[in-house]
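Here is a short briefing to read alongside the structure. Take a look at the view below, and then we can walk through it topic by topic.

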Amino acid sequence: MGVESEFEAIDNNQNVLQKHVEFFDRNNDGVIYPWETFQGFRAIGSGILLSSVAAIFINVGLSGKTRPGKKCPNLLFPIIIENIKMAKHGSDSGVYDEHGRFVNSKFEEIFHKYARTHPDALTSDELNEFLKGNREPKDYGGWIGGLSEWKILYYLAKDKDGLLKKDTIRSVYDGSLFEKMAAEKINKKKHSEK
Ligand code: HEM
Ligand SMILES: [Ca+2]
């Protein structure tokens, strides 16, 4: 093992993208199947339609990228969490680096550049400006990837004033937002049953 790989092995920050998706691995076996993506979306409060469409697009779109060297697609469309960094696309914010680590300076840059109305949040218009700013020329796949990630985040996690808060965005990167939303959903259900 070289010095560099030893260093990487102890770098806690290297698995942040893995943490982002682990919530969706409902049985913790390291693989996310479409029905798990569906269940994960339902658990954080998405409707049946969004959860179904997301499960199909995410698993069909990303499965092959996380199965390097496999020529035939697996028709159960598994996503292998270990290899999730291979599913990165272009036209993203750069907050995840190529190893799936969280790059704080890139995260801060989003707010320096685009948070004009409130220093710690993005409005819907500011989010659109940010998405446009991320676009690499003719990277249509990346544009669609980025657009869906951020629009779904905005739809599910904006506050009552239509703001996407900095803390919310930070917590989507390591997946803690999903845990929080799932806990809130369970809480709401308990209250409505009383
Ligand atoms: C409600 C569910 C989800 C939301 C709101 C969401 C949102 C996001 C956001 C905002 C980013 C950051 C993109 C950027 O930095 O420009 C991202 C990145 C990513 N997400 Fe999700 N995500 C969700 C579920 C999933 C699931 C289920 C998977 C796969 C199993 C996934 C895989 C990825 C990957 C691979 C990236 C890295 C993209 C890149 O940096 O190029 N996400 N997601
Ligand atoms: Ca699983």
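Let's begin at the iron atom of ligand 1, whose only protein donor is His20, through NE2 at 2.1 Å. His20 itself sits in helix H2. Please keep in mind that this is a predicted model.

**The calcium site**
- Which residues coordinate the calcium ion (ligand 2)? The donors come from Asp25 (OD), Asn27 (OD1), Asp29 (OD), the O atom of Val31, and Glu36, which is listed twice through OE, with distances of 2.3 to 2.5 Å.
- Along the chain, the donors of this calcium ion follow the spacing D-x1-N-x1-D-x1-V-x4-E.
- The six donor atoms make angles of 53 to 163° at the calcium ion (ligand 2), and the site is irregular.
- For reference, six octahedral donors would ideally give angles of 90 or 180 degrees.
- Are the donors Asp25 and Asp29 buried or exposed? Asp25 is buried, because its relative accessibility is 4% and the cut-off for buried is under 20%.
- Asp29 has a relative accessibility of 43%, so it counts as partly exposed.

**The nonpolar core**
- The largest nonpolar core holds 38 residues, and those with the most contacts inside it are Leu122, Leu127, Trp150, Leu153, Leu164, Ile169 and Tyr173.
- Two or more residues of this core come from each of helices H2 (16-22), H3 (34-43), H5 (104-114), H6 (124-134), H7 (140-157), H8 (166-173) and H9 (176-193).
- Both domain 1 (14-87) and domain 2 (91-193) supply at least three residues to this core.
- Leu153 is a good residue to click on here: leaving aside residues up to four places away in sequence, Leu153 touches Lys158, Leu164, Ile169, Val172 and Leu177.

**The annotated segment and the loop after it**
- The unreviewed UniProt entry places a "transmembrane region" at residues 43-62.
- In the model, the span 43-62 is 80% helix and 0% strand, and its end C-alpha atoms are 21 Å apart.
- Where does Ser63 lie? Ser63 is in the loop between helix H4 (48-62) and strand S2 (79-80).
- Ser63 is buried, because its relative accessible area is 2%, while the cut-off is under 20%.
- Not counting residues up to four places away in sequence, Ser63 is in contact with Ile58, Phe77, Pro78 and Ile79.

Notes: Residues are numbered from 1 along each chain as its sequence is written. Chains are lettered from A and ligands numbered from 1 in the order in which they are written. This is a predicted model: local features need pLDDT of at least 70, side-chain atom pairs count only at pLDDT 80 or more; totals for chains, interfaces and linings use all residues. Side-chain values use heavy atoms; hydrogens and water are left out. UniProt positions are given in the numbering used here, feature names are shortened, and annotations may be inferred rather than shown by experiment. Helices (H or I, at least four residues) and strands (E, at least two) are DSSP runs, numbered from the N terminus. A nonpolar core is a set of buried Ala, Val, Leu, Ile, Met, Phe, Trp, Tyr and Cys residues joined through side-chain atoms within 4.5 Å. Buried means under 20% relative accessible area, exposed over 50%, partly exposed in between (1.4 Å probe, protein chains only). Domain bounds come from an automatic or database domain assignment. Contact means heavy atoms within 4.5 Å. Donors are N, O and S atoms within 2.8 Å of the metal (3.2 Å for Na, K and Ca); water is not among the atoms, so sites may look incomplete. Four donors count as tetrahedral if all angles lie between 85 and 135 degrees; four count as square planar and six as octahedral if opposite donors are over 155 degrees apart and all others between 65 and 115; anything else is irregular.
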